[in-house]
Amino acid sequence: MRLLLIGRTGQVATEILRRAPEGVAVTALGRDVADLSDPAACAAAIARAEADAVVNAAAWTAVDRAESEEEAARVINGEAPAAMARAAAARGLPFVHISTDYVFDGLGTKPFAPEDPVAPQNAYGRSKLLGEQGVRQAGGPHVILRTAWVFSAHGANFVKTMLRLGREREAITVVADQIGGPTPAAAIADACFALAQGLAQGGPSGTHHFCGAPETSWAGFAEAIMAEAGLACRVNPIPSSAYPTPATRPLNSRMDCGSLHSAYGIAQPDWRDGLRNVLRELGALHAPA
Ligand SMILES: NC(=O)C1=CN([C@@H]2O[C@H](COP(=O)(O)OP(=O)(O)OC[C@H]3O[C@@H](n4cnc5c(N)ncnc54)[C@H](OP(=O)(O)O)[C@@H]3O)[C@@H](O)[C@H]2O)C=CC1
Ligand SMILES: Cc1cn([C@H]2C[C@H](O)[C@@H](COP(=O)(O)OP(=O)(O)O[C@H]3O[C@@H](C)C(=O)[C@@H](O)[C@H]3O)O2)c(=O)[nH]c1=O
């Protein structure tokens, strides 16, 4: 299978490029060829590509900055995926699109199911929701994979931030009332391969959830990072109200991942294994004497 990957340098794109299974040839289009702030150019790139399926792993992911630059985020996360999905649909190409837990309002404590009502609380979430709607409306074979709290050895993410702070400080404060499932980018990459191949073989279109288990808080995740890295830095739990940010984050980011397992046999990864793999790759895994 020839897989056209939109995005080249992000966490998920990097893992897709590294983890292609036998029989899958990945061609990645970076910002130089497919700039999502120009949706028509991205659609044209898909229209002319030699490909059997498309995975979109590029996005505006700067959650706080989206608050002050919502229009730019809207084009990149909303209009570009819609235009690309239409171009893919016109050729009958399967389109795998990645979305986020931030499309939900984060109220309650129940895991969100894919069909639950959406109500994003921030500009990034609104832009991603628009992208989901555009991909569905394009009408081609597609899967929208909502994931959360992505981490890897590349790029910017919470694990790398915690490692840096953990080496610099004796103690940090981390929010303990936002609950979700940290997700290794490597597992998302593997899910994307399975979905692209499944769709190409006539698998069902739909929206599914995919995040790591077991659920934890950002503070819980930070504690695990410090422990596995052998860092003495204390993690002091705080409420979100004590950590003001431009964008409001949902308190409940739990997602029910059952439909993905039913439709495509893809199980939730254990983020604790993924964390150890990432720390090992970074040379930061603590080896007890
Ligand atoms: N990170 C997370 O915690 C989560 C991410 N997601 C979703 O998962 C997907 C993958 O995210 P992740 O791998 O973490 O993303 P990253 O933040 O690691 O990387 C984003 C990628 O998008 C590219 N990009 C940004 N703007 C443009 C543009 N205008 N034109 C072309 N490319 C652009 C970046 O390219 P460049 O390097 O050139 O800037 C980069 O390759 C996204 O859809 C995201 O919304 C969902 C839930 C959680
Ligand atoms: C660095 C730091 C963060 N925090 C909090 C802020 C925030 O609520 C939480 C996580 O911080 P981040 O900046 O990684 O959060 P954020 O960028 O909002 O992460 C999100 O990114 C987008 C792209 C998604 O789609 C989401 O699933 C989610 O992963 O931890 C602390 O409490 N203490 C700290 O020292």
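Which residues of strand 3 point one way from the strand, which point the other way, and are they buried or exposed? Keep that question in mind while you open the structure, which is a predicted model, and begin the tour at the sheet to which strand 3 belongs.

**Stop 1: the sheet**

Select strands 1, 2, 3, 4, 5 and 10, and you have an open sheet of six strands, paired in parallel and arranged in the order 2-1-3-4-5-10. At its edges lie strand 2 (25–29) and strand 10 (206–209), each of which pairs on one side only. If you look along the sheet, neighbouring strands are turned against each other by 20° on average, direction ignored.

Now colour helix 1, which packs on this sheet and touches strand 1 (2–6), strand 2, strand 3 (53–56) and strand 4, while its direction makes about 150° with that of strand 2.

**Stop 2: strand 3 and its partners**

Select residues 53–56 with their side chains to settle the opening question: A53 and V55 point one way from strand 3, V54 and N56 point the other way, and all of them are buried. As a rule, the side chains of a regular strand alternate between the two faces of the sheet.

Strand 3 pairs with strand 1 in the parallel sense over four bridges, and on that side you can find I6 standing opposite N56 of strand 3. Towards strand 4, which runs parallel to strand 3, three bridges make the connection, and here V55 has V96 of strand 4 as its bridge partner. In general, strands of a sheet pair through backbone hydrogen bonds, either parallel or antiparallel.

Move on to strand 5 (residues 142–147), which pairs with strand 10 in the parallel sense over four bridges; show V143 and G206 together, since V143 stands opposite G206 in strand 10.

**Stop 3: the nonpolar core**

Next, select L5, I6, V54, V55, M84, I188 and C192, the residues with the most contacts inside the largest nonpolar core, which has 86 residues. Helix 7 (residues 185–200) contributes eleven residues, the largest share of this core.

Centre the view on I188 and display its surroundings: apart from its neighbours within four places in sequence, I188 is in contact with V12, I98, T147, V150, T183 and F210.

**Stop 4: the two ligands**

Go to ligand 1, which has 27 residues around it, with T9, G10, Q11, A59 and T61 coming nearest. Helix 1 (11–19) and strand 4 (95–100) each supply at least two residues of this shell, and the largest share, three residues, comes from helix 1. If you colour the shell around ligand 1 by residue class, you will see 14 nonpolar, nine polar and four charged residues.

Then turn to ligand 2, which is surrounded by 19 residues, the closest being T61, T100, A148, F158 and V175. Two elements, helix 6 (158–168) and strand 7 (171–175), give two or more residues to this shell, and strand 7 gives the most, with four residues. By class, the shell around ligand 2 consists of twelve nonpolar, five polar and two charged residues.

**Stop 5: two places to inspect in the backbone**

Select W149, in the loop between strand 5 and strand 6 (150–151), where the backbone has a positive phi of about 50° although W149 is not a glycine. W149 counts as buried because 22 other C-beta atoms lie within 10 Å.

From there, go to P214, whose place is in the loop between strand 10 and strand 11 (216–217), and check the peptide bond from A213 to P214, which is cis, with omega near 0°.

**Stop 6: two pairs to compare by distance**

Select A47, which is found in helix 2 (residues 39–48), and which is partly exposed, with 14 other C-beta atoms within 10 Å. Draw a distance to D105, and you will find that A47 and D105, 58 residues apart in sequence, are 36 Å apart in space, C-alpha to C-alpha.

Finish at R280 in helix 10 (residues 271–281), which counts as partly exposed because it has 13 C-beta neighbours inside 10 Å. Here the partner to select is E228: R280 and E228 are 52 residues apart in sequence and 9.8 Å apart in space, C-alpha to C-alpha.

Key: Residues numbered from 1 in each chain as written. Chains lettered and ligands numbered in written order. Predicted model: local features only at pLDDT ≥ 70, side-chain atom pairs only at ≥ 80, totals over all residues. Near = placed C-beta within 6 Å. Nonpolar A, V, L, I, M, F, W, Y, C, P; charged D, E, K, R; others polar. Core = buried A, V, L, I, M, F, W, Y, C linked by C-beta atoms within 7 Å. Buried ≥ 20, exposed ≤ 12 C-beta atoms within 10 Å, placed from the backbone. Contact = placed C-beta atoms within 7 Å. Pairing = 2+ DSSP bridges. Axes fitted to C-alpha atoms, helices over the stretch in contact; angles between N-to-C directions.
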